[in-house]
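Here's a quick briefing to read alongside the model. Have the sequence and the 3D view open, and we'll go through it topic by topic.

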Amino acid sequence: MKNKITVSAPGKLMLFGEHAVIYGKPCIVTAVDQRIRVRVEKIGGSSITVNAPEVKVKDYSLKISDLGKIEYPKEIKFVLKAVENFFKKYQVKSGLNLETKSGFSSLFGFGSSSAVTVSTIKALSEIFDIEVGNKLLFDICYKTVLEVQGVGSGFDLAAAIWGGTIYFVGGGKKILPLKTKELPLVVGYTGIKADTATLVRKVAGLHKNNKKKVDEIFDSIEKLVRAAKIALENTDYPKLGELMDENQKLLYKLSVSTPELDNLIGSARQTGAFGAKLSGAGGGDCMIALADKSKTAKVKKAIEKSGGVVLDVKFNAEGVRIEK
Ligand code: MEV
């Protein structure tokens with residue numbers, strides 16, 4: 001049995017189906033090569049100590065007996081909730097040292113909370129020698145995330161666990177790894193940090209006040225996500241681009257796009273991208289454009305000229321793994 005281990009998990013980018021996935025519809029997500037690492041060490045005593053330099057947490061310590069009883073610092077809530085849930089589920093306990101290390105800024109909406117939750121639970125299962133398969137890992141992580149943030153479909157956890165590109169149905173009802181080749185995507189960051197929970201609540205408000213219309217939008221999104229799955233498997237970029245544009249129109253109707261996102265999306269399209277859309281909750285964060293390799297440089301330049309920051313990310317990244 002190991003006493004210490006480092007586990008890493010990738011971030012994600014939503015390709016199709018955001019928001020509707022919260023209402024039980026499918027989405028398509030890809031894992032990105034920006035990873036979060038969690039190092040866990042079993043120690044004697046009855047304290048749990050967390051270091052998370054990226055969020056400026058240094059030597060935060062609590063007693064095992066305080067787990068579930070005190071308010072955790074918001075920067076490391078996911079890590080501590082994950083430990084609490086793991087100890088409770090498997091009736092184990094031990095003093096621990098935990099350290100997180102992020103390969104990307106939590107500003108970009110790449111899913112740092114999901115990657116850190118997955119890495120923590122996976123690391124604990126290894127050092128306590130408890131076999132936890134992918135679906136069970138998903139279920140424990142999903143419970144943890146819902147307890148911390150209240151909302152979420154779990155698509156980001158699936159990307160962190162399985163990696164690659166996934167067809168995912170809200171709540172994990174279906175998790176289907178897709179066979180995809182290279183994805184010639186460009187990612188542009190608006191410079192605006194968005195809060196997913198706020199945007200999810202905004203859509204919930206719209207849905208409550210205008211159920212029929214919003215349900216129709218969700219149904220249209222479902223249809224296009226299914227078509228996108230086929231287009232992805234056939235590497236049909238023109239069709240994928242068309243579906244991205246269609247998805248963006250529907251997200252616009254849900255009032256989650258912003259002038260900054262519209263601007264970056266418009267400039268990508270004008271320079272010959274197959275299609276472009278926001279990615280994630282909206283309200284800022286990132287947009288994605290699908291462009292032929294011969295046009296990538298032009299599209300990137302146009303995004304930058306319009307005030308965006310082009311992020312260099314690779315897709316279809318490997319899921320959770322134990323680091324040497
Ligand atoms: C956020 O990246 C995507 C949403 O659909 C939220 C979720 O699925 O958890 C808005």
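**Strand E10 and its partners**

Let's start with one pairing: Val 186 has Ala 289 of E10 as its bridge partner. Keep in mind that this is a predicted model. The notes below start from that strand, then take in the whole protein, its domains and core, and a few local spots.

- Strand E8 (residues 185-189) runs antiparallel to E10, and 5 bridges link the two.
- E10 also pairs with strand E9 (residues 275-279), again in the antiparallel sense and with 5 bridges.
- On that side, Gly 275 is matched with Leu 290 of E10.
- E9 and E10 make a hairpin with 6 residues in between, and Gly 280 in the turn has a positive phi of about 105 degrees.
- How many residues of strand E10 (residues 286-290) are buried? The count is 5 of 5, so to speak a mostly covered strand.
- Cys 286, Ile 288 and Leu 290 point one way from E10, while Met 287 and Ala 289 point the other way, and all are buried.

**The whole protein**

- The secondary structure adds up to 9 helices and 12 strands.
- With a radius of gyration of 20 Å, close to the 20 Å from the globule rule for 324 residues, the protein is as compact as a globular protein of that length.
- Along the principal axes, the C-alpha atoms fit a box of roughly 60 × 45 × 35 Å.
- Of the 324 residues, 55% count as buried.
- If you take the contacts with a separation of 6 or more, 72% of them are between residues 24 or more positions apart.
- The exposed area of the protein is about 14,300 Å², and carbon and sulfur atoms supply 51% of it.

**Two domains and the core they share**

- The protein splits into domain 1 (4-179 + 316-322) and domain 2 (185-311).
- The contact between these domains takes 25 residues from domain 1 and 37 residues from domain 2.
- The C-alpha centres of the two domains are 26 Å apart.
- Which residues touch the most other members of the largest nonpolar core? Those are Phe 16 and Ile 48, in a core of 112 residues.
- Helix H6 (residues 211-233) is the element that gives the most to this core, with 9 residues.
- Why does this core lie between domain 1 and domain 2? Both domains give residues to the core, so it lies between them.

**Ile 48 and strand E3**

- Looking past its neighbours within four places in sequence, Ile 48 is in contact with several residues, including Tyr 60, Leu 62, Ile 64, Leu 80, Phe 87, Leu 96 and Leu 98.
- Strand E3 (residues 47-52) is mostly covered, with 5 of its 6 residues buried.
- E3 runs antiparallel to strand E4 (residues 57-63), and 5 bridges join them.
- Within that pairing, Ser 47 has Lys 63 of E4 as its bridge partner.
- The hairpin of E3 and E4 has 4 residues between the strands, and Lys 56 there takes a positive phi near 60 degrees.
- E3 also pairs with strand E5 (residues 95-102), this time in the parallel sense over 4 bridges.
- Val 50 finds its E5 bridge partner in Leu 98.

**Helix H4**

- Helix H4 (residues 155-162) has 7 of its 8 residues buried, so the rest of the structure largely encloses it.
- Its buried residues are Phe 155, Asp 156, Leu 157, Ala 158, Ala 159, Ala 160 and Ile 161.
- The cover over those buried residues includes strand E1 (4-16), strand E2 (26-43), helix H2 (112-127), H3, strand E6 (165-169) and strand E7 (174-178).
- Just after H4 comes Gly 163, with a positive phi of about 70 degrees.

**Tyr 142**

- Tyr 142 sits in helix H3 (residues 134-149).
- Is Tyr 142 buried or exposed? Its relative accessibility is 16%, and buried means under 20%, so Tyr 142 counts as buried.
- Not counting residues up to four places away in sequence, Tyr 142 touches Gly 152, Ser 153, Gly 154, Leu 157 and Gly 171.
- Tyr 142 and Tyr 189 are 47 residues apart in sequence, and their C-alpha atoms are 27 Å apart in space.

Key. Residues numbered from 1 in each chain as written. Predicted model: local features only at pLDDT ≥ 70, side-chain atom pairs only at ≥ 80, totals over all residues. Heavy atoms only, no water. Core = buried A, V, L, I, M, F, W, Y, C linked by side-chain atoms within 4.5 Å. Buried < 20%, exposed > 50% of the residue type's maximum accessible area, 1.4 Å probe, protein only. Domains from an automatic or database assignment. Contact = heavy atoms within 4.5 Å. Pairing = 2+ DSSP bridges. Rg over C-alpha atoms; globule rule 2.2 N^0.38 Å. Areas by Shrake-Rupley, 256 points an atom, 1.4 Å probe, with all protein chains shown as cover.
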